[in-house]
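Colleague: I am new to this structure and would like a close look at a single part of it. Please take one sheet and walk me through how its strands are arranged and what packs on them.

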Amino acid sequence: MADSAFQLRCYSYLDRMQPQYAAFVGTITQGDLPTEGMASLYIEVAPGNEVFQLVDIAVKSTEARPGAQLVEREFGMFEVHSRSQAEVLEAGRIVLARLGLRPEDRIKPEIASVQVITNVDPYQAQLLNRFRRGSMLVPGETMLVLECAPAAYINYACNEAEKGASIKLLHVSSVGRFGRMWMSGSEAEIVAARNAATQAIEALEGKE
């Protein structure tokens, strides 16, 4: 199935969805609702229309359930999850077998931008709170803004950041050319979250 025009842009396995991350996904998903502790798999491809067949293969062959299936101008992305890590891994194996690819054939993710903003101003907090779908940003907190490409990898970065630090998840966007996340907390915890997220992304193998 894979040819010169096809790209496996993201293949990202989350072994255990963290509490805030799972709660956030529940506010935006239009598919099966995930809960804390589930395993999850994100796959992003180009051309985008390929996701329809790939989701069909994954859900017919395993007990994994689809939470997202999105096609935008350039790319397509889908997510499946389950209480069973084995089912999610099997869904990924079946999809890759269909494509004739391995996880290492994905595009290697890159950090596009990392910003740590200390002592957030009340006016900026109010502006950002109008667009967030997660926790409120409180004036005086430190804020982390992280961007990566391909976009779907931001889900993995966010989940790993929550594992590594006590933070508040404000917003995650994983559609388009870049994925973005906003987090807030104390300066020390935000630095720990930044380090956990960037190290997780940089450790993933793939094609340059």
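Modeller: I will start from one pair of strands and work outwards. Strand 7 and strand 8 (residues 179-185) run antiparallel and are joined by five bridges. Within this pairing, valine 172 stands opposite methionine 181 in strand 8. The model is a predicted one, and that applies to everything said here.

The pair belongs to an open sheet of four strands, in the order 5-6-8-7, and the pairing is antiparallel. Read along that order, strand 8 sits between strand 6 and strand 7. At the edges are strand 5 (110-117) and strand 7 (168-173), each of which pairs on one side only. Neighbouring strands of this sheet are turned against each other by 10 degrees on average, with direction ignored.

Two general points help in reading such a sheet. Strands of a sheet pair through backbone hydrogen bonds, either parallel or antiparallel. In a regular strand the side chains alternate between the two faces of the sheet.

A helix also belongs to this picture. Helix 5 (residues 154-164) lies across strand 6 (142-149), strand 7 and strand 8. Its direction is at about 20 degrees to strand 8. Strand 7 therefore comes up twice: as an edge strand that pairs on one side only, and as one of the strands that helix 5 lies across.

Note on methods: Residues numbered from 1 in each chain as written. Predicted model: local features only at pLDDT ≥ 70, side-chain atom pairs only at ≥ 80, totals over all residues. Heavy atoms only, no water. Pairing = 2+ DSSP bridges. Helix = DSSP H or I, 4+ residues; strand = E, 2+ residues; numbered from the N terminus. Axes fitted to C-alpha atoms, helices over the stretch in contact; angles between N-to-C directions. Contact = heavy atoms within 4.5 Å.
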